[in-house]
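Trainee: I would like to learn how the labels in a structure description are earned. Could we go through them one at a time?

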Amino acid sequence: MVGDLGGEGPSVVTVHVTGFKKFHGVAENPTEKIVGNLKSFVEKKGLPKNLVLGSCTVLETAGQGALGTLYKVLESAIAERENGSSAQGQIHFGVNSGATRFALENQAVNEATFRCPDELGWKPQTTLPVNELTKSLRKTGYDVMPSDDAGRFVCNYVYYHSLRFAEQHGIKSLFVHVPLFLTIDEEVQMHFVASLLEALAVLN
């Protein structure tokens, strides 16, 4: 996912994962449970040899409340890489309470300063092949779509900051929206996350 795509065979990638706590209108955020249970789930299921699950962190569902913790996660990934550890990447999970399927987000927007690419053409976008990941996950039976709209709440805010950081430090970042557990149950969502990690390992 985060090493050179293509190149000389798969390198080891460490993926750091975040989710969110509850917020207004969502009393139980599925991403809090997914992120909290992910380490034990992948220990049982196993991961590809070239993939390591790094930190699993639950963020406050508040812009400024999430940023401090987010930057600690991002900076620790860079420190690990500089200390000779594997390539680093981030996957952020958020809930879309109206969704009926999973959504891999292509981009984030900074509504505070611009609503389109700036005069130099810069727009915060993932460099991961979202369409290829979507096709791979569909082949394994998941209802997933690419999305160009991460919303205008804390999910988008966190993704925007993560994409800027990723671009500045040569790592990758992806945001994934998941439905409520009432729509797609917890077990299916846990398997989806594991399948996403496996798909990313293949890309590496």
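Mentor: The protein chain has five helices and six strands. Helices (H or I, at least four residues) and strands (E, at least two) are DSSP runs, numbered from the N terminus. Read along the sequence, their pattern is β-α-β-α-β-β-α-β-α-β-α. This is a predicted model, where local features need pLDDT of at least 70 and side-chain atom pairs count only at pLDDT 80 or more, while totals for chains, interfaces and linings use all residues. Residues are numbered from 1 along each chain as its sequence is written, and side-chain values use heavy atoms, with hydrogens and water left out.

Trainee: What makes strand 1 and strand 2 a pair?

Mentor: Two strands pair if DSSP finds at least two bridges between them. Strand 1 and strand 2 (residues 51–59) have seven bridges, in the parallel sense, so they qualify as a pair. As one example of the alignment, Thr-14 stands opposite Val-52 in strand 2.

Trainee: Which way does the chain cross from strand 1 to strand 2, and what does the name of that crossover mean?

Mentor: The chain goes from strand 1 through helix 1 to strand 2, a right-handed β-α-β crossover. The term means that, with the strands pointing away from the viewer, the path from the first strand over the helix to the second runs clockwise.

Trainee: Why is Phe-20 called buried?

Mentor: Buried means under 20% relative accessible area, exposed over 50%, and partly exposed in between (1.4 Å probe, protein chains only). Phe-20 has 2% relative accessibility, so it counts as buried. Phe-175 is buried too, because its relative accessible area is 0%. Over the 204 residues of the protein chain, 50% count as buried.

Trainee: How many aromatic pairs are there, and what makes two rings a pair?

Mentor: The count comes to seven aromatic pairs. Rings of Phe, Tyr and Trp (its six-membered ring) pair if their centres lie within 6.5 Å; planes under 30 degrees apart count as stacked, over 60 as edge-to-face and the rest as tilted. Phe-20 and Phe-175 have ring centres 6.5 Å apart and planes at 35°, so this pair is tilted. Phe-20 lies in strand 1 (residues 13–20) and Phe-175 in strand 6 (residues 172–178), so the pair ties together parts 155 residues apart in sequence. Ring pairs also link Phe-20, Tyr-159 and Phe-175 into a cluster.

Trainee: Why does the pair of Phe-102 and Tyr-142 get its label?

Mentor: Their ring centres are 6.3 Å apart and their planes stand at 75°, so the pair is edge-to-face. Phe-102 in strand 4 and Tyr-142 in the loop between helix 3 and strand 5 are 40 residues apart. Phe-102 is buried at a relative accessible area of 1%, and Tyr-142 is buried at 15%.

Trainee: How do you know that Lys-33 forms a salt bridge with Glu-186?

Mentor: A salt bridge is a side-chain nitrogen of Lys or Arg within 4 Å of a carboxyl oxygen of Asp or Glu. The closest N and O atoms of Lys-33 and Glu-186 are 3.7 Å apart, so the rule is met. This pair links distant parts of the chain, with Lys-33 in helix 1 (residues 30–45) and Glu-186 in helix 5 (residues 186–203), 153 residues apart. Lys-33 has 34% relative accessibility, so it counts as partly exposed, and Glu-186 is partly exposed at 24%.

Trainee: Which other residue forms a salt bridge with Lys-33?

Mentor: Glu-28 does, with its closest N and O atoms 3.7 Å from those of the partner. Glu-28 counts as partly exposed because its relative accessibility is 46%. A search of the whole structure finds six salt bridges.

Trainee: What makes the length of helix 5 fit expectation?

Mentor: The expected span of a helix is 1.5 Å times one less than its number of residues. Helix 5 has 18 residues and reaches 26 Å from its first C-alpha to its last, close to the 26 Å expected. Its buried residues include Phe-192, Leu-196 and Leu-203.
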